[in-house]
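Work through the exercises below with the sequence and the 3D view open. Try each task before reading its solution.

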Amino acid sequence: MILPIVGYGDPVLRKKGEEISKDYPDLKKVIADMYETMYNAYGVGLAAPQVGLAIRLFIVDTQPFSEDEDLSKEEQEKLSKFKRTFINPVITKEEGEEWGFNEGCLSIPEVREDVYRKETITIEYFDEDFNKHTEVHDGIIARVIQHEYDHIEGVLFTDKISPLKKRLIQKKLQNIIEGKTRPDYKMKFVAKKGR
């Protein structure tokens with residue numbers, strides 16, 4: 001089922017997610033619905049708060065980035081196969097140089113800005129079957145994970161841009177709060193119920 005994506009300004013996007021257990025109600029369905037919702041909106045990641053759930057869960061599928069001609073064949077190959085469900089994740093290490101990349105967010109349509117993040121991360125998490133993993137990722141995969149991880153910490157990518165850039169996008173952010181933006185996927189805005 002395609003869920004409405006919660007728009008900028010909704011308090012759920014500012015909540016720190018709660019850890020969940022394998023007994024979380026309808027967990028498999030929640031995850032399946034999140035994938036369907038993400039693909040419908042042409043996203044590469046989606047966190048539970050973006051569908052109104054303040055829990056520590058996000059999904060990532062970097063396949064769309066694999067079509068980027070500027071990347072090496074090896075990087076394209078890696079991106080084409082990276083699909084994961086992260087439950088109760090903890091980033092234990094962020095290392096390397098900070099590098100900029102133009103980020104967007106399904107909860108903040110029509111806004112894209114350069115965000116600087118560390119290039120390599122170590123993350124511990126449980127998959128959808130509650131098997132524990134510890135992995136090291138770098139490049140675009142690390143960045144997508146960091147972006148989604150921020151969501152379960154109540155942080156948005158717009159928090160990581162300069163005050164000047166923030167002022168420049170203020171009107172766009174206000175339009176999202178008021179439901180005056182029209183992305184081609186289902187959204188739920190603070191000022192309106194549904195779309």
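**Exercise 1. Find the centre of the largest nonpolar core.**

Task: Which residues touch the most other members of the largest nonpolar core?

Solution. Step one: count the core, which has 36 residues. A nonpolar core is a set of buried Ala, Val, Leu, Ile, Met, Phe, Trp, Tyr and Cys residues joined through side-chain atoms within 4.5 Å. Buried means under 20% relative accessible area, exposed over 50%, and partly exposed in between (1.4 Å probe, protein chains only). Step two: pick out M34, L46, L57 and I108, which touch the most other members.

Step three: see which elements contribute. β1 (5–6), α1 (27–40), β3 (57–61), β4 (83–105), β5 (108–126) and α5 (170–177) each supply at least two residues of this core. Helix α1 gives the most, with six residues. Helices (H or I, at least four residues) and strands (E, at least two) are DSSP runs, numbered from the N terminus.

A note on the source. This is a predicted model: local features need pLDDT of at least 70, side-chain atom pairs count only at pLDDT 80 or more, and totals for chains, interfaces and linings use all residues. Residues are numbered from 1 along each chain as its sequence is written, and side-chain values use heavy atoms, with hydrogens and water left out.

**Exercise 2. Trace the contacts of M34.**

Task: Leaving aside neighbours within four places in sequence, which residues is M34 in contact with?

Solution. Contact means heavy atoms within 4.5 Å. Start with L46, A47, A48 and V51, which are among the contacts of M34. Then add L57, F58 and I59. Now look beyond this core: a second, separate core has 19 residues, including V44, F82, A142 and I152.

**Exercise 3. Describe the largest pocket.**

Task: How many residues line the largest pocket, and which lie nearest its centre?

Solution. Begin with the method. Rolling a probe the size of a water molecule over the atoms shows where empty space is left. The search runs on a 1 Å grid over the protein atoms alone; a pocket is an open set of points where a 1.4 Å probe fits, with protein on both sides within 12 Å along at least five of seven lines. Lining residues have an atom within 4 Å of a point.

Next, the size: about 390 Å³ of space lies in the largest pocket. That volume is the space filled by probe spheres set on the points, and grid points are joined across faces, edges and corners.

Then the lining. It has 23 residues, and V44, E103, G104, C105 and R112 lie nearest the centre. β4, β5 and α3 (139–152) each supply at least two lining residues. By class, 11 are nonpolar, seven polar and five charged. Here Ala, Val, Leu, Ile, Met, Phe, Trp, Tyr, Cys and Pro count as nonpolar, Asp, Glu, Lys and Arg as charged, and the others, Gly among them, as polar.

**Exercise 4. Compare three salt bridges.**

Task: Where in the chain do the partners K78 and D138 lie?

Solution. A salt bridge is a side-chain nitrogen of Lys or Arg within 4 Å of a carboxyl oxygen of Asp or Glu. The count comes to 15. K78 and D138 form one, at 3.2 Å, N to O. K78 is in helix α2 (residues 73–80) and D138 in strand β6 (residues 132–138), 60 residues apart. K78 is partly exposed at 39% relative accessibility, and D138 is partly exposed at 36%.

Next take E135 and R84, which meet at 3.3 Å, N to O. E135 is in strand β6 and R84 in strand β4, 51 residues apart. E135 counts as buried because its relative accessibility is 15%. R84, at 24%, counts as partly exposed.

Last come K160 and D150, at 3.6 Å, N to O. K160 lies in the loop between α3 and α4 (163–168) and D150 in helix α3, so the pair ties together parts that are 10 residues apart in sequence. Shared partners join E103, R117, R143, D150 and K160 into one network of salt bridges.

**Exercise 5. Check two backbone angles.**

Task: Is D26 buried or exposed?

Solution. D26 lies in the loop between β1 and α1. Its phi is positive, about 50°, although D26 is not a glycine. At 58% relative accessibility, D26 counts as exposed. Repeat for Y42, in the loop between α1 and β2 (45–47). Phi of Y42 is near 55°, and Y42 is exposed at 69% relative accessibility.
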